Protein chains: 2
Amino acid sequence: MVKKSGRPAYLQIADDLREQVRGGSLAPGAPLPSTAQLAEQYDASLSVVKMAVGILRNEGLLIGQQGKGVFVRDEESSESGQGTAVDLVNEVIELRTAVRDLSERLAQVESTLSERSDR
Amino acid sequence: MVKKSGRPAYLQIADDLREQVRGGSLAPGAPLPSTAQLAEQYDASLSVVKMAVGILRNEGLLIGQQGKGVFVRDEESSESGQGTAVDLVNEVIELRTAVRDLSERLAQVESTLSERSDR
DNA sequence: CAGGCCAACTAGGTCAACTATGTTGGTCGC
DNA sequence: GCGACCAACATAGTTGACCTAGTTGGCCTG
């Protein structure tokens with residue numbers, strides 16, 4: 001990261017990675033270099049790399065798996081945070097099923113708890 | 001931040017602030033407490049507060065002004081592209097984090113229960 | 001009184017170190 | 001061969017420090 005623009009390093013790295021994903025140079029499902037390797041590659045500290053990855057992880061573009069690595073998200077969506085309406089719809093569908101799942105599991109747990117505490 | 005959920009502190013703080021904005025307890029244009037005050041208020045380090053603010057800043061919900069403070073985005077301050085869609089996006093983001101949080105807590109409870117019934 | 005300087009705040013960025021946790025591969029003893 | 005163990009590596013989270021830069025208000029000098 002030698003670019004001397006006023007733009008902070010962690011944003012430059014995030015931009016670069018985002019572009020690599022969009023450009024196909026990092027295919028969906030493919031692993032990124034390790035944090036340490038990226039740090040060396042961009043000539044930045046571990047912290048700024050972790051920040052950059054954190055942003056893209058927050059945007060849903062990357063998925064980090066502890067102990068294994070960071071991977072480009074496959075499946076739908078991608079496209080940066082504030083995406084199209086289609087992304088939003090998909091997100092809502094996901095959330096709806098997630099809520100239904102949670103409700104069922106909660107009911108299960110609750111009944112188990114009340115049974116046990118009753119006696 | 002004393003909540004003992006598995007959710008990391010910087011996300012809990014981000015969620016809380018996001019909710020305060022949506023709930024109107026932090027009006028558009030209003031300033032947030034200083035970083036140091038927030039850190040004390042949440043009983044967290046400066047770093048995690050800065051991280052939380054950074055996320056919301058990245059989401060466009062907050063606007064930081066160096067030397068002055070951090071303010072809740074004021075409707076049409078800066079373009080921010082989609083206008084009304086931003087509200088929906090924020091709502092979805094909030095729901096997503098809420099679901100993730102609940103999911104983790106449920107998983108915690110479930111594993112505790114199954115452990116206990118094992119013996 | 002006016003102007004300028006300075007100290008005390010603010011946010012933002014970067015770095016280094018530590019902990020926790022998960023994955024993987026190799027070695028050692030049986 | 002197989003299981004237990006262990007070392008090396010990975011992400012993730014947290015903390016504390018240091019530096020930059022903008023803003024504000026008060027104090028002091030001319």
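This is a short chat about a helix and a DNA strand in a predicted model.

Visitor: Start with H1 of chain A. How many residues does it have?
Guide: Helix H1(A) has 14 residues, 9–22. From first C-alpha to last it reaches 20 Å, close to the 20 Å expected.

Visitor: Which residues of H1(A) are buried?
Guide: Leu11(A), Gln12(A), Ile13(A), Ala14(A), Leu17(A), Arg18(A) and Val21(A).

Visitor: And what covers them?
Guide: The cover includes helix H3 (46–59), strand S1 (62–65) and strand S2 (69–72), each from chain A.

Visitor: What comes just after H1(A)?
Guide: Gly24(A), with a positive phi of about 90°.

Visitor: Switching to DNA strand D. How many residues surround it, and which are the closest?
Guide: 20 residues surround DNA strand D. The closest are Thr35(A) and Lys50(A), plus Ala9(B), Ser45(B) and Ser47(B). Of the strand's atoms within 4 Å of the protein, 71% belong to sugar and phosphate.

Visitor: Which side chains have a polar atom by a base of strand D?
Guide: Lys50(A) is one: a polar side-chain atom sits 2.8 Å from a base oxygen. Ser47(B) places one 2.9 Å from a base nitrogen.

Visitor: What about a phosphate oxygen?
Guide: Arg57(A) has a side-chain N or O atom 3.4 Å from a phosphate oxygen of DNA strand D.

Visitor: Which element gives the largest share of the surface near strand D?
Guide: H3(B), with three residues. Elements supplying at least two residues each include H3, S1 and S2 of chain A and H1 (9–22) of chain B.

Visitor: How does that surface split by class?
Guide: Six nonpolar, 11 polar and three charged residues.

Notes:
Residues numbered from 1 in each chain as written. Chains lettered and ligands numbered in written order. Predicted model: local features only at pLDDT ≥ 70, side-chain atom pairs only at ≥ 80, totals over all residues. Heavy atoms only, no water. Helix = DSSP H or I, 4+ residues; strand = E, 2+ residues; numbered from the N terminus. Expected span 1.5 Å × (residues − 1). Buried < 20%, exposed > 50% of the residue type's maximum accessible area, 1.4 Å probe, protein only. Contact = heavy atoms within 4.5 Å. Near = heavy atom within 4 Å. Polar contact = N/O pair within 3.5 Å; in protein donor to acceptor, adjacent residues only side chain to side chain. Nonpolar A, V, L, I, M, F, W, Y, C, P; charged D, E, K, R; others polar.
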